[in-house]
Amino acid sequence: MEDLNINNEYILVESDAAAYTQPSQSVPQNTFIEDELAANNIVSSVTTPSINVSHLDSTSGAKVGTAYTSLQPLIQKVNSAFMNQFDYMGDATNLMTNFAGVESNFGADQMGAYSFGPHQIDAVRYYDIINRSKKGKNKLHLDFANQFLQKELNNPGFDISTYLNVDTTSYPYKYIPDTNLQSHNPLISSVLTRLALGMDTNPIPGNLGDEGAYYKSFWNRSGVGDSTSYVNRVQDYFPNYK
């Protein structure tokens with residue numbers, strides 16, 4: 001039986017956060033509206049591909065297939081919402097889906113307390129997202145993320161910036177385990193991933209080879225695996241994805 005536990009973790013060196021410069025451009029405040037997707041008609045153009053699990057045994061294949069069919073529509077919904085609100089954002093549906101496939105087999109892995117959700121967002125990454133979202137475009141993105149999740153989760157008081165607890169007494173930071181962390185909520189994981197991608201000035205990769213390089217340079221700098229292993233794993237699941 002193929003091992004479904006993958007530990008490709010990103011560790012951000014502290015100098016990365018210190019070197020980041022917030023954009024000085026003034027961005028008008030946008031407000032999420034109930035029927036925004038229908039009103040603006042901006043949706044992810046990605047067609048959900050069929051997943052190949054023939055390289056797995058039947059039990060693992062069924063588990064991964066179920067995880068994928070549950071996660072992929074959430075990722076697509078998140079990207080559609082963000083593209084609607086911010087017209088400069090590209091469609092990251094494929095990239096985010098493939099990240100989750102490589103990191104956790106779309107959430108089918110048994111996930112512990114080191115990282116959060118199918119995209120395996122570790123405490124350093126989460127802390128970085130929240131602390132870089134206090135002004136400029138990043139704050140607009142975070143404010144919109146909260147509006148979106150408050151609606152989707154039917155929780156008017158939801159705040160993604162306090163959802164997870166981080167112990168910052170030593171580096172690398174670690175999560176303080178609680179029920180929120182243990183939920184590994186795939187929608188919240190997808191929103192956090194889209195927030196992280198929105199902080200990068202590079203465009204969303206347009207092909208699998210570029211995705212592999214981007215994964216290693218941005219998402220998984222210090223973790224196990226390289227761009228070639230990323231490409232191979234994605235093509236295990238999506239042989240026709242190039």
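**Figure 1. Pro172 sits in the loop that joins β3 (166–167) to β4 (174–175).** The model is a predicted one, in which local features require pLDDT of at least 70 and side-chain atom pairs pLDDT 80 or more, whereas totals for chains, interfaces and linings take in all residues. Numbering starts from 1 along each chain as its sequence is written, and side-chain values rest on heavy atoms, without hydrogens or water. The close-up shows the peptide bond from Tyr171 to Pro172, which is cis, its omega being near 0 degrees. Most peptide bonds are trans. Helices (H or I, at least four residues) and strands (E, at least two) are DSSP runs counted from the N terminus.

**Figure 2. Asn105 lies in the loop between α4 and β1 (115–116).** Its phi is near 50 degrees, a positive value in a residue that is not glycine. Most residues other than glycine have a negative phi.

**Figure 3. Helix α3 (residues 58–85) packs against helix α6 (residues 136–152).** The angle between the two helices is about 130 degrees, and their axes (fitted to C-alpha atoms over the stretch in contact; N-to-C angles from 0 to 180 degrees) lie 11 Å apart. The pair is therefore oblique, a term for angles outside the ranges under 35 (roughly parallel), over 145 (roughly antiparallel) and 65 to 115 degrees (roughly perpendicular). The contact (heavy atoms within 4.5 Å) involves Lys77, Val78, Ala81, Phe82 and Gln85 from α3. From α6, the contributing residues are His141, Phe144, Ala145, Phe148 and Glu152. By class, this contact has six nonpolar, two polar and two charged residues; nonpolar covers Ala, Val, Leu, Ile, Met, Phe, Trp, Tyr, Cys and Pro, charged covers Asp, Glu, Lys and Arg, and the others, Gly among them, are polar. Lys77 of α3 and Glu152 of α6 are charged, while Gln85 of α3 and His141 of α6 are polar.

**Figure 4. The packing partner of α3 in this view is helix α8 (residues 186–198).** Here the helices meet at an angle of about 45 degrees, with 9 Å between their axes. That angle makes α3 oblique to α8. On the α3 side, the contact is formed by Leu71, Leu74, Ile75, Val78, Asn79 and Phe82. The α8 side supplies Pro186, Leu187, Ser190, Val191, Arg194 and Leu195. Nine residues of this contact are nonpolar, two are polar and one is charged. The polar residues are Asn79 of α3 and Ser190 of α8, and the charged residue is Arg194 of α8. Val78 and Phe82 of α3 take part in this contact and also in the contact with α6.

**Figure 5. Helix α4 packs against helix α9 (residues 208–219).** The two helices form an angle of about 70 degrees, and their axes are 11 Å apart. That angle makes α4 roughly perpendicular to α9. Asn94, Leu95, Asn98, Phe99, Val102 and Glu103 represent α4 in the contact. Facing them from α9 are Glu211, Tyr214, Tyr215 and Trp219. The contact comprises six nonpolar, two polar and two charged residues. Leu95, Phe99 and Val102 of α4 are nonpolar, as are Tyr214, Tyr215 and Trp219 of α9. Asn94 and Asn98, both in α4, are polar. Glu103 of α4 and Glu211 of α9 are charged.
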